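Student: I should like to examine how the terms applied to a structure follow from computed values. May we take them one at a time?

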There are 2 protein chains.
Amino acid sequence: MEIRPLDDIDRRILRSLQRDGRLGNNHLAEEVGLSPSPCWQRTRRLEAEGYIKGYTAVLDQEKLGAPETVIIEVTLNRHDDAVLETFGRAMAELPEVLEVYLTTGEYDYYIKVAVDGTRGYEEFLRHKLYRVPGIQHSRSTFTLRCLKQGGISVPA
Amino acid sequence: MEIRPLDDIDRRILRSLQRDGRLGNNHLAEEVGLSPSPCWQRTRRLEAEGYIKGYTAVLDQEKLGAPETVIIEVTLNRHDDAVLETFGRAMAELPEVLEVYLTTGEYDYYIKVAVDGTRGYEEFLRHKLYRVPGIQHSRSTFTLRCLKQGGISVPA
DNA sequence: GATGAAAACTTTATAAG
DNA sequence: CTTATAAAGTTTTCATC
């Protein structure tokens with residue numbers, strides 16, 4: 001079920017649905033230069049094979065009251081599996097947290113949070129991050145402006 | 001046109017559409033406990049007022065041949081508006097680049113890229129990043145595992 | 001792959017309680 | 001807000017070339 005590589009039309013379907021996740025099959029077919037029926041089959045195949053993981057509404061962080069994006073890097077004071085895992089899970093459960101990555105290098109975790117200003121940030125640190133045990137050191141970077149944000153580009 | 005604050009039902013609509021961007025109005029209405037007609041009006045309002053910025057298909061980075069996510073922080077050797085701006089735009093145009101943020105602190109830019117292993121990463125550095133003029137210093141962090149990724153949580 | 005057709009469902013608008 | 005209606009369009013399946 002995952003044998004065939006993507007062809008040009010598959011990639012066009014992915015690009016179109018990435019641009020507009022609610023595109024109907026008829027419009028999509030027209031956009032990619034196919035008749036509706038095979039277009040529909042390809043789209044279902046791309047979903048079934050996992051190229052398309054899902055569809056989502058993209059919401060506005062500012063309008064929802066968390067205009068600041070802050071990057072927090074964290075080192076833990078122990079590095080056994082259990083501590084690393086527990087910390088990551090605790091972070092992932094917090095609503096302010098947008099992203100959690102376990103990383104190589106100087107820090108163990110890389111976390112991105114959305115907060116309402118320095119106040120919101122302080123609150124997050126004091127009431128959420130610093131209450132999770134095991135943090136040795138953390139370093140925060142406020143973002144000033146986002147120039148790009150989004151999913152992977154479908155290769156040519 | 002942007003006077004009214006969100007109520008509980010609006011927030012449920014946002015959460016449902018974030019979870020499934022292709023939910024039809026009837027299912028959505030049922031999910032949020034409303035009849036289809038007002039549900040449809042609220043959804044259009046949330047779009048028109050910008051709470052919903054759009055809809056997108058979420059694609060699989062691995063399946064599309066770029067399984068590694070690398071975080072690159074960059075300092076530029078000059079900090080006038082033109083240099084900062086030009087660098088950010090050049091980064092945003094590269095297909096490997098998923099995110100570009102201008103930041104406070106030690107580095108000027110924070111960039112997230114998707115590449116195919118250390119090979120793909122080296123190629124990105126040599127053929128793309130290092131060909132952009134003005135870089136004083138950069139620091140790369142490979143991510144090992146992603147524990148969370150997604151948009152903002154709709155507040156309670 | 002293209003076409004066509006049919007049933008079920010969705011979208012969009014409008015009117016009335 | 002709800003219920004109801006209705007035309008237009010979409011989705012999904014299926015048979016055929």
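Student: How much space lies in the second largest cavity of this predicted model?

Tutor: The second largest cavity holds about 50 Å³ of space. The search of the whole structure retained cavities of 30 Å³ or more and found two of them.

Student: What makes a residue such as R139(B) part of the lining of the second largest cavity?

Tutor: A lining residue must have an atom within 4 Å of a cavity point. R139(B) is listed in that lining, together with I71(B) and T141(B). Chain A contributes E73(A), T103(A), T104(A), G105(A), E106(A), Y107(A) and Y110(A).

Student: How does the lining of the second largest cavity divide into nonpolar, polar and charged residues?

Tutor: It divides into three nonpolar, four polar and three charged residues. Gly counts as polar and Tyr as nonpolar in this scheme, so G105(A) is placed with the polar residues and Y107(A) with the nonpolar ones.

Student: What is the volume of the largest cavity, and which elements supply at least two residues of its lining?

Tutor: Its volume is about 70 Å³. β5 (135-149) of chain A and β4 (109-115) of chain B each supply at least two lining residues. Among the residues of this lining are R139(A), T141(A), Y109(B) and Y110(B). The lining divides into four nonpolar, three polar and three charged residues.

Student: Why is C39(A) called buried?

Tutor: The term requires a relative accessible area under 20%. C39(A) has 0% relative accessibility, and therefore counts as buried. C39(B) is also buried, because its relative accessible area is 0%.

Student: How many disulfides does the structure hold?

Tutor: It holds zero over all chains. A disulfide would need two cysteine sulfur atoms within 2.5 Å, so no pair of cysteine sulfur atoms meets that cut-off here.

Student: What makes the approach of H27(A) to DNA strand D a polar contact?

Tutor: The cut-off is 3.5 Å between N or O atoms. A polar side-chain atom of H27(A) lies 3.1 Å from a phosphate oxygen of the strand, and the pair therefore qualifies. R44(A) also places a polar side-chain atom 3.3 Å from a phosphate oxygen of DNA strand D. For N25(A), a backbone N or O atom lies 2.6 Å from a phosphate oxygen of this strand.

Student: Which residues of chain B are around DNA strand D?

Tutor: They are R22(B), L34(B), S35(B), S37(B) and P38(B). Of the strand atoms that come within 4 Å of the protein, sugar and phosphate account for 81%.

Notes. Residues are numbered from 1 along each chain as its sequence is written. Chains are lettered from A and ligands numbered from 1 in the order in which they are written. This is a predicted model: local features need pLDDT of at least 70, side-chain atom pairs count only at pLDDT 80 or more; totals for chains, interfaces and linings use all residues. Side-chain values use heavy atoms; hydrogens and water are left out. On a 1 Å grid over the protein atoms alone, a cavity is a set of points where a 1.4 Å probe fits but cannot get out, and a pocket is an open set with protein on both sides within 12 Å along at least five of seven lines; lining residues have an atom within 4 Å of a point. Grid points are joined across faces, edges and corners, and a volume is the space filled by probe spheres set on the points. Helices (H or I, at least four residues) and strands (E, at least two) are DSSP runs, numbered from the N terminus. Buried means under 20% relative accessible area, exposed over 50%, partly exposed in between (1.4 Å probe, protein chains only). A residue is near a molecule or strand if one of its heavy atoms lies within 4 Å of it. A polar contact is a pair of N or O atoms within 3.5 Å; within protein, one must be able to donate a hydrogen and the other to accept it, and residues adjacent in sequence count only if both atoms are side-chain atoms.
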